[in-house]
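Hi,

Here is the structure I promised to pass on. Have a look at it first, and then read my notes underneath.

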Amino acid sequence: MLTMSLNWALGSGTGGLAAGTPRAGRALTVKRRLRERRRLRAAAPDGIPPMLAQSRLPSLLFLLPRLRSLAPGLAMSSATGTVTVQQPLNYRAGARVQPADGGQLEEVFEPATGRVLCKVPCSGEKEVDLAVQSAKAAFKIWSQMSGMERCRVMLEAARIIREQREEIATMETINNGKSIFEARVDIDISWQCLEYYAGLAGSLAGEHIQLPGGSFGYTRREPLGVCVGIGAWNYPFQIACWKSGPALACGNAMVFKPSPFTPISVVRLAEIFTEAGVPKGLFNVVQGGAATGQLLCQHPDVAKISFTGSVPTGMKIMEMAAKGIKPVTLELGGKSPLIIFSDADLENAVKGALMANFLTQGEVCCNGTRVFVERKILDTFTKEVVKRTQKIKIGDPLLEDTRMGALINRPHLNRVQGFIKQAKEQGAVVLCGGDLYVPDDPKLKNGYYMRPCVLGNCKDDMTCVKEEIFGPVMAILPFDTEEEVVERANATKFGLAGGVFTRDIQKAHRVVAALKAGMCFINNYNVSPVELPFGGYKSSGFGRENGRAAIEYYSQLKTVCVEMGDVESVF
């Protein structure tokens, strides 16, 4: 992740086939590709995995392992604008299924082109119940397996993800719009998550407590039952692994509802779990929007809910869970501070600011979008940030040298543009970007692109400083003293993350200790090792993803007291 951060901020990339292959070599490559295509078609006309079917263009998404050895850049870039989804995206009892009572169809778009990838029916009450009952049946088997048995299955799932990294990352990019460069990192974090919790599965244990007179007590760590995971659209596959990893390690089953904007890749995770050997039905996928999520939260056989998304939706989920006295994990929004002191390594601080604002087109909940810069370096820092921001390569997210792809959909793009317009009306100055971007490639003309934006002359009471924009918009604010900046940094309803850049390590620890945020960074930003807990304070939610801490939220403790003598009775 640290390597990714450096390369992303510097804008490095390979540039694909056209930039580095001689003309004769390209011609030979095309001939080989055509021969390979004819051979594959003759050998296995029905051998393309069922999830995606593509138009008759040079590359087929799921033949990428073969095509990569021939022409990696061309194979990836030509997949943009060619994919249509034909198979069902619900997954129940170990198979893809159409929902038993599918409601209205939701259009799913390819952000890079604006094309409709598919139309997905929303799951109704009957389908939700079937998925929950499927998970409930599988739970009876999985929960009785030993931790080491669960460990081996989860390790196999991690191996399959690692082996299919390129295909899954490509699928994620097509549905989400982020660069293939970033998507590969997401998939790496995903299999690392499953490996980590596989390692913990065999070590989960209670404790033995000696009591007077030879009596004793002990505790058992037991699974909860059927857990519901509700994911977000910015990290579809990774969030599903973050939720299912600890859940399955503890012996639970899961019904997962992805965002209706990004329904595609999570179904592949469900298939991988089945291939790895989990009981059929242990991990089910239901598609739909708010109504489907409500049915899941209110289902009497659901034991726990884990949600990643907006604050208003998190409040509704918490309210529904309270009526059933169900535990919840809420990973909600943020408006995190990034504090740059004058003694910071300027080069590193600039790269950190880019990472804290423009990763995944700025669609990251923990982004450090309030960039507080000590006044004595304000001009120098701002000038360098603007220069680097203007060099970020925008465009086809499947090209190797692209560093910023498309925002998730048109309404969200319009919303981000609205924030920038309002910021200017309130006195902020657009130092660069903020306008729509139309790539030269004609197939991308209807995609949801904008230039990353840096705002200057910002004040703490501006809407762009107070509200979560969830787009590539950085607000720069000057400060003079440590005490002042800490007070201003904490003056927000959010508390998800915070960052500090300084060479003074004592000051760094002092400031992060004072920040009211659940995830803090010192001289880096947006690093997400699965070993460390992730979650927020205040309106950013509670509970934790990742680390050993997540085990506490997917298990319950039973106490057993054993009397070795006669019962002492007061009667």
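Below is what turned up, going from the whole chain to single residues.

One thing to keep in mind from the start: this is a predicted model.

**The whole protein**

The secondary structure adds up to 20 helices and 22 strands. Of the 571 residues, 58% are buried. The accessible surface is about 23,400 Å², and carbon and sulfur atoms account for 54% of that. As for contacts between residues at least 6 apart in sequence, 74% of them join residues at least 24 apart.

**Sheets**

I looked at two open sheets. One has seven strands, in the order β16-β17-β18-β15-β14-β19-β20, with mixed pairing. Its edges are β16 (429-432) and β20 (519-522), each of which pairs on one side only. From one strand to the next, the twist averages 25°. At the β16 end, the pairing with β17 (residues 453-456) is antiparallel and runs over three bridges. If you want a spot to zoom in on there, valine 430 sits opposite leucine 455 of β17.

The other sheet has three strands, ordered β7-β8-β22, and here the pairing is antiparallel. β7 (208-210) and β22 (555-562) are the edge strands, each pairing on one side only. Ignoring direction, neighbouring strands in this sheet are turned by 20° against each other on average. Three bridges hold the antiparallel pair of β7 and β8 (residues 216-223), and glutamine 210 faces phenylalanine 216 in β8.

**A hairpin**

Strands β5 (residues 105-110) and β6 (residues 115-121) run antiparallel and are joined by six bridges. Leucine 105 has proline 121 of β6 as its bridge partner. Four residues lie between the two strands, and glycine 114 in this hairpin has a positive phi near 80°.

**The annotated residue**

Which residue does the "active site" annotation cover? According to UniProt it is Glu331, though the entry is unreviewed. Glutamate 331 belongs to strand β13 (residues 328-331). Is glutamate 331 buried or exposed? Its relative accessible area is 6%, so glutamate 331 counts as buried. Leaving out residues up to four places away in sequence, glutamate 331 touches Phe307, Thr308, Gly309, Cys365, Leu496, Phe534, Ser540 and Glu545. Displaying that set of neighbours around Glu331 is a good way into this part of the model.

**Positive phi outside glycine**

Two residues caught my eye here. Alanine 93 is not a glycine, yet its phi is positive, at about 55°. This alanine 93 is in the loop between β3 (90-92) and β4 (95-97). With a relative accessible area of 40%, alanine 93 is partly exposed.

Asparagine 526 is also a residue other than glycine with a positive phi, near 60°. You will find asparagine 526 in the loop between β20 and β21 (541-542). Where alanine 93 is partly exposed, asparagine 526 is buried, at 3% relative accessible area.

**Cysteines**

How many disulfides does a search of the whole structure find? The count is zero. For two of the cysteines I also have the accessibility. Cysteine 151 is at 9% relative accessible area and therefore buried. Cysteine 297 has 1% relative accessibility, so this cysteine is buried too.

**A contact across the sequence**

Finally, take a look at alanine 138, which is part of helix α6 (residues 125-142). Its relative accessibility is 2%, which means alanine 138 is buried. What does alanine 138 touch, not counting residues up to four places away in sequence? The answer is Pro279, Lys280, Gly281 and Leu282. Glycine 281 is 143 residues from alanine 138 along the chain, but their C-alpha atoms are separated by 5.5 Å.

That is the tour. Shout if you would like to go through any of it together.

Cheers

Notes. Residues are numbered from 1 along each chain as its sequence is written. This is a predicted model: local features need pLDDT of at least 70, side-chain atom pairs count only at pLDDT 80 or more; totals for chains, interfaces and linings use all residues. Side-chain values use heavy atoms; hydrogens and water are left out. Two strands pair if DSSP finds at least two bridges between them. UniProt positions are given in the numbering used here, feature names are shortened, and annotations may be inferred rather than shown by experiment. Buried means under 20% relative accessible area, exposed over 50%, partly exposed in between (1.4 Å probe, protein chains only). Contact means heavy atoms within 4.5 Å. Axes are lines fitted to C-alpha atoms, for helices over the stretch in contact, and angles run from 0 to 180 degrees between N-to-C directions. A disulfide is a pair of cysteine sulfur atoms within 2.5 Å. Accessible areas come from the Shrake-Rupley method with a 1.4 Å probe; for residues, only the protein chains shown count as cover.
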